[in-house]
Amino acid sequence: MIITRRAFTAALSLAGLAALAGHSPLRLIANAMAQGASDVAKPVSLPDMALGPANASVTITEFASMTCPHCSAFNETVFPKIKSEYIDTGKVRYVFREFPLDIKAAAGSMLARCIAKDDPGKYFAVIDMLFRQQNDWVMKNTTETLTRIGKQAGLSQQGVEDCLKDQALLDKIAADQKYAAEVLKVNSTPTFFVNGEMIKGETSFEEFDKRLKSLLKS
């Protein structure tokens, strides 16, 4: 999946962003290589945003698009249970990776990175807010909602605009997305890796619970 620089730069003028219908010139990269746990664990361009101890015996890595309704549903119904049962208790490390399926998703990911900087807790709080308000900023009032979220988190209007025009940040998101598609075979969202094993699509807590208990026993 490639984010073309020219199209994104044009679209992310705030006026252009507001007019977007949620589509973008992104494409998936085929002929990917097989992935392994070490490939999944490797941060590429951006530092990982993760909750839970770095030395946990089990790591869940989620690849998600901020405009993906299945990702939003997972965030609302399944992730809180995983967090309560496994992350907060120190049993599991949870890594969130951006895999934007369109320009609006990339804008949401950029805003979350700008707001959080190097604070994973703040980052997860911002993506939770973005997922919960997904209908507002994806289907309508994109500029206004992203600006309001940014301001609520301490960014100025200019700060939001500067964030969404940050070409270096966009390039890093694109590079990480390219790595996920080429090396890890990620081609849809949400996609999860549990200690390197891929799980595609929205997955129930019961399924995660079963896998996690089995891995933790071993």
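# Loops, helix contacts and the disulfide

User: Where is the place of Asn195?
Analyst: In this predicted model, the backbone of Asn195 has a phi near 50°, a positive value in a residue other than glycine. As for its surroundings, Asn195 is placed in the loop between E4 and strand E5 (197–200).

User: Is Asn195 buried, partly exposed or exposed?
Analyst: The relative accessible area of Asn195 is 34%. Since buried means under 20% and exposed means over 50%, the value for Asn195 falls in between, and the residue is therefore partly exposed.

User: Which residues does Ser57 touch, not counting residues up to four places away in sequence?
Analyst: Ser57 lies in the loop between strand E1 (49–51) and strand E2 (58–64), and with a relative accessible area of 54% it counts as exposed. When residues up to four places away in sequence are not counted, the residues that Ser57 touches are Lys91, Asn195 and Leu216.

User: How many Å apart in space are Ser57 and Leu215, C-alpha to C-alpha?
Analyst: In sequence, Ser57 and Leu215 are 158 residues apart. For the protein chain as a whole, residues 24 or more positions apart account for 79% of the contacts with a separation of 6 or more. From C-alpha to C-alpha, the separation of Ser57 and Leu215 in space is 8.3 Å.

User: Is H5 roughly parallel or roughly perpendicular to H12?
Analyst: Helix H5 (residues 79–87) and helix H12 (residues 205–217) have axes that come within 10 Å and cross at roughly 20°. Because angles under 35 degrees count as roughly parallel, the arrangement of H5 with respect to H12 is roughly parallel.

User: How many nonpolar, polar and charged residues has the contact of H5 with H12?
Analyst: H5 passes H12 in a right-handed crossing. On the H5 side the contact is made by Lys81, Ile82, Glu85 and Tyr86, and on the H12 side by Phe205, Phe208, Asp209, Leu212, Lys213 and Leu216. Sorted by class, this contact of H5 with H12 has no polar residues, four charged and six nonpolar.

User: Is H6 roughly parallel or roughly perpendicular to H11?
Analyst: The axes of H6 and H11 are 10 Å apart, and the two helices pack at an angle of about 115°. Since the range from 65 to 115 degrees counts as roughly perpendicular, H6 is placed against H11 in an arrangement that is roughly perpendicular.

User: Which residues of H6 and H11 make the contact?
Analyst: The crossing in which H6 passes H11 is right-handed. The contact of H6 with H11 is made up, by class, of six nonpolar, one polar and one charged residues. From H11 come Leu169, Leu170 and Ile173, and from H6 come Ala106, Ser109, Met110, Arg113 and Cys114.

User: Is the disulfide of Cys114 and Cys163 left-handed or right-handed?
Analyst: Cys114 is joined to Cys163 by a disulfide with an S to S distance of 2.2 Å, and the count of disulfides comes to one. The torsion about the S-S bond of Cys114 and Cys163 is about 95°, so this disulfide is right-handed.

User: How many residues apart in sequence are the parts that Cys114 and Cys163 tie together?
Analyst: Both ends of the disulfide count as buried, because Cys114 has 16% relative accessibility and Cys163 has 3%. Cys114 lies in helix H6 (residues 103–116) and Cys163 in helix H10 (residues 157–164), so the pair ties together parts whose separation in sequence is 49 residues.

User: Is Lys117 buried or exposed?
Analyst: Lys117 has a phi near 55°, which is a positive value in a residue other than glycine, and its place is in the loop between H6 and helix H7 (120–132). With a relative accessible area of 60%, Lys117 counts as exposed.

User: What is the value of omega for the peptide bond from Thr189 to Pro190?
Analyst: Most residues other than glycine have a negative phi, and most peptide bonds are trans. Pro190 has its place in the loop between helix H11 (167–182) and strand E4 (191–194). The peptide bond from Thr189 to Pro190 is cis, with an omega near -5°.

Note on methods
Residues are numbered from 1 along each chain as its sequence is written. This is a predicted model: local features need pLDDT of at least 70, side-chain atom pairs count only at pLDDT 80 or more; totals for chains, interfaces and linings use all residues. Side-chain values use heavy atoms; hydrogens and water are left out. Axes are lines fitted to C-alpha atoms, for helices over the stretch in contact, and angles run from 0 to 180 degrees between N-to-C directions. Helices (H or I, at least four residues) and strands (E, at least two) are DSSP runs, numbered from the N terminus. Angles under 35 degrees count as roughly parallel, over 145 as roughly antiparallel, 65 to 115 as roughly perpendicular and the rest as oblique. A crossing is left-handed if the near helix is turned anticlockwise from the far one by less than a right angle, and right-handed if clockwise. Contact means heavy atoms within 4.5 Å. Ala, Val, Leu, Ile, Met, Phe, Trp, Tyr, Cys and Pro count as nonpolar, Asp, Glu, Lys and Arg as charged, and the others, Gly among them, as polar. A disulfide is a pair of cysteine sulfur atoms within 2.5 Å. Buried means under 20% relative accessible area, exposed over 50%, partly exposed in between (1.4 Å probe, protein chains only).
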